[in-house]
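Visitor: Before we look, may I ask you to give the reasoning behind each label as we go?
Guide: Gladly; here is the chain.

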Amino acid sequence: MIKKIDETNKTIIRSLKDGRKAYSAIADELGITENTVRTRVNKMIEDGVLQITGLVNPEYIPSFQVAMMGIKVKTLDLETKAKELTRLNGVISCAVVTGRYDLILQIELCDTEGLSLLEFFKNELNKVKDITEVETFIVYQSHNLVVPYLL
């Protein structure tokens, strides 16, 4: 389902890049009331268009790594497989893609939190049936990569 958002909502979303920015400041910039901003933000959250969350730079957390995985599966029901994968411990996101793989998985790993790459394969990825191929890409250095802290 595609949700349409107007220019005011787009501007509010851009303003919320700093998730702590006050609704009153956004309202002043847009020339609308604070209540209008609050109502629009709440509606976008309710509709699944917007999520306000704290993100971390993984390079500043000891033993923390981000990895991407290209995954091929036997089935053409990619949406169901993507939803199944997103329920695994450590999974940040899963996208249905074109190209060499069917799905791209973004995961976070942390040895000190009990989720190494090997543990992810043995205890998490192993739960998903019909996976035919996996290629892992460990992020050694990133630029502008921020992720939710899930572990």
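**Reasons behind the labels**

Guide: In this predicted model, leucine 103, once its neighbours within four places in sequence are left aside, is in contact with Met69, Gly70, Ile71, Val73, Leu78, Lys81, Ala82, Leu85, Cys94, Ala95, Val96 and Val97.

Visitor: Which residues touch the most other members of the largest nonpolar core?
Guide: That core has 18 residues, and Ile71, Leu85, Leu103, Leu105, Ile107 and Phe120 are the ones that touch the most other members. At least two residues of this core come from each of strand 1 (64-73), helix 4 (78-86), strand 2 (91-96) and strand 3 (103-110). A second, separate core has 9 residues, including Ile12, Tyr23, Val37 and Val41.

Visitor: Why does serine 15 count as buried?
Guide: Its relative accessibility is 11%, and buried means under 20%, so serine 15 meets the cut-off and counts as buried. Serine 15 lies in helix 1 (residues 7-15), and beyond its neighbours within four places in sequence, it is in contact with Lys21, Ile26 and Glu29.

Visitor: Why is isoleucine 104 called partly exposed?
Guide: Isoleucine 104 has a relative accessible area of 30%, whereas buried requires under 20% and exposed over 50%; the value falls in between, and therefore isoleucine 104 is partly exposed.

Visitor: Where is isoleucine 104 placed, and which residues is it in contact with, leaving aside its neighbours within four places in sequence?
Guide: Isoleucine 104 belongs to strand 3, and with those neighbours set aside its contacts are Met69, Gly70, Ser93, Cys94, Ala95 and Val97. From C-alpha to C-alpha, isoleucine 104 and leucine 16 are 27 Å apart in space, and they are 88 residues apart in sequence.

Key:
Residues numbered from 1 in each chain as written. Predicted model: local features only at pLDDT ≥ 70, side-chain atom pairs only at ≥ 80, totals over all residues. Heavy atoms only, no water. Core = buried A, V, L, I, M, F, W, Y, C linked by side-chain atoms within 4.5 Å. Buried < 20%, exposed > 50% of the residue type's maximum accessible area, 1.4 Å probe, protein only. Helix = DSSP H or I, 4+ residues; strand = E, 2+ residues; numbered from the N terminus. Contact = heavy atoms within 4.5 Å.
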